[in-house]
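Please read the report below with the sequence and the 3D structure open side by side. The text begins with enclosed space and then turns to the sheet and to several single residues.

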Amino acid sequence: MSYHRAMDYISYSQYRTYTSCPRSWYLSKIRKAEEKQTWYIPIGSAVHDMIEDYLKDPQKRILTEDYMYPLIAKQMEIEPDLSKWLAGGPEAAPVTHERALQRARECFEKAVQELEDIEVWEVEYDASGSLPGLSVPVKAYVDIIGEHKKKGPVIWDWKTGSTKPDNFQLITYAALLDHNDHPFVNGWHGRYIMLAPGSANTRYVDLSEVDPEEVGKKYQKVYDQMQEKLYPANAGFNCRFCFNQDNCLVNKGMTPRAMYYDRSEEDGYPF
């Protein structure tokens with residue numbers, strides 16, 4: 001029996017997951033497979049929540065433990081063995097336990113410094129909408145929209161990891177804000193704010209010439225592949241960080257768990 005249903009929207013996160021590894025997207029979105037718990041997801045979630053509360057009340061005392069521990073406790077209900085959680089950083093010194101708490105604290109402190117240069121207009125702004133050439137809406141929430149002292153109107157996205165992605169997420173936000181009925185001027189500059197200690201510094205990207213139709217076509221191409229049930233596995237280095245590594249036949253072989261979840265040969269066209 002196929003578990004595939006037509007999607008009524010797409011997001012940058014789904015686009016990124018599918019283009020990185022269609023099999024991982026299939027296991028998450030179609031099979032709803034039980035994914036590995038991680039240390040880096042609660043770090044990111046905690047930092048985002050800390051920033052939001054800080055912007056609501058800069059005088060509030062922000063304690064990292066108050067944000068991290070409830071998230072960790074919730075994940076422990078799913079997987080109590082912390083040694084099985086995925087972690088970033090070098091294998092010899094992964095960012096876990098106290099290192100994870102310290103990472104979240106340092107990321108928040110850097111975010112507060114960055115915010116000194118911007119007048120914040122919106123936090124977690126719902127920029128969802130349509131794009132020309134795309135048959136479904138794009139669901140999107142922008143971390144920060146505001147006005148920078150030197151750059152003017154800016155789009156920010158917080159990153160608590162150490163690897164800078166390509167600019168397509170920022171391009172997506174600019175396309176949505178320009179094409180739909182949002183109360184902002186265009187002529188955006190965008191930047192990923194890399195918060196992790198030691199991560200590469202990033203420059204602003206000029207988003208004033210973004211073509212919403214071109215962006216829509218890129219999403220439509222991926223959306224069509226999703227609907228065509230194409231689920232090849234892009235096995236490689238990224239498997240180490242994949243939430244579905246234990247659920248994938250290509251990665252784990254014919255284990256009972258992988259055989260239960262990975263029905264891509266029945267549900268689609270994996271090869």
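The structure holds one cavity of 30 Å³ or more, where a cavity is a set of points, on a 1 Å grid over the protein atoms alone, at which a 1.4 Å probe fits but cannot get out. This is a predicted model, in which local features need pLDDT of at least 70 and side-chain atom pairs count only at pLDDT 80 or more, while totals for chains, interfaces and linings use all residues. Residues are numbered from 1 along each chain as its sequence is written, and side-chain values use heavy atoms, with hydrogens and water left out.

**The cavity**

The largest cavity has a volume of about 40 Å³, a volume being the space filled by probe spheres set on the grid points, which are joined across faces, edges and corners. Its lining consists of His48, Ile51, Glu52, Val123, Glu124, Asp143 and Trp158, a lining residue being one that has an atom within 4 Å of a point. Helix α3 gives the most to this lining, with three residues, and α3 and β2 (118–126) each supply at least two of the lining residues; helices (H or I, at least four residues) and strands (E, at least two) are DSSP runs, numbered from the N terminus. By class, the lining divides into three nonpolar, one polar and three charged residues, where Ala, Val, Leu, Ile, Met, Phe, Trp, Tyr, Cys and Pro count as nonpolar, Asp, Glu, Lys and Arg as charged, and the others, Gly among them, as polar.

**The sheet**

Five strands form an open sheet of mixed pairing, in the order β2-β4-β5-β6-β7, two strands being paired if DSSP finds at least two bridges between them. At the edges stand β2 and β7 (205–206), each with a single partner strand, so one side of each is left without a neighbour in the sheet.

Strand β4 (residues 141–148) pairs with β5 in the antiparallel sense over five bridges, and β4 and β5 form a hairpin with three residues between them. Strands β5 and β6 (residues 189–194) run parallel and are joined by six bridges. The table lists residues of β5 with the residues that face them in these pairings.

| Residue in β5 | Opposite residue | Strand of the opposite residue |
|---|---|---|
| Gly152 | His148 | β4 (residues 141–148) |
| Ile155 | Gly190 | β6 |
| Trp156 | Arg191 | β6 |
| Trp158 | Ile193 | β6 |

Strand β5 is mostly covered, with eight of its eight residues buried; buried means under 20% relative accessible area, exposed over 50%, and partly exposed in between (1.4 Å probe, protein chains only). Because six of the six residues of β6 are buried, β6 is largely enclosed by the rest of the structure. In a regular strand the side chains alternate between the two faces of the sheet. Both faces of β6 are covered, with His189, Arg191 and Ile193 buried on one side and Gly190, Tyr192 and Met194 buried on the other.

**Lys159**

Lys159 is found in strand β5 (residues 152–159) and is buried, with a relative accessible area of 14%. The side chain of Lys159 makes polar contacts with the side chain of Asp157 at 2.9 Å and with that of Gln169 at 2.8 Å. A polar contact is a pair of N or O atoms within 3.5 Å; within protein, one must be able to donate a hydrogen and the other to accept it, and residues adjacent in sequence count only if both atoms are side-chain atoms. Leaving aside neighbours within four places in sequence, Lys159 is in contact (heavy atoms within 4.5 Å) with Pro165, Gln169, Tyr192, Ile193, Met194, Leu195 and Ala196.

**Backbone and loop residues**

Most residues other than glycine have a negative phi. Lys32, which is not a glycine, has a positive phi of about 55 degrees; Lys32 is found in the loop between α2 (22–30) and α3 (40–56) and counts as exposed at 54% relative accessibility. His97 also has a positive phi, near 50 degrees, but lies in helix α5 (residues 97–114) and is partly exposed, with a relative accessible area of 46%.

Thr255 is placed in the loop between α8 (249–252) and α9 (256–261) and counts as partly exposed at 27% relative accessibility. A polar atom of the Thr255 side chain lies 3.1 Å from the backbone nitrogen of Ala258. Thr255 and Asn244 are eleven residues apart in sequence, and their C-alpha atoms are 13 Å apart in space.

Terms used: On a 1 Å grid over the protein atoms alone, a cavity is a set of points where a 1.4 Å probe fits but cannot get out, and a pocket is an open set with protein on both sides within 12 Å along at least five of seven lines; lining residues have an atom within 4 Å of a point.
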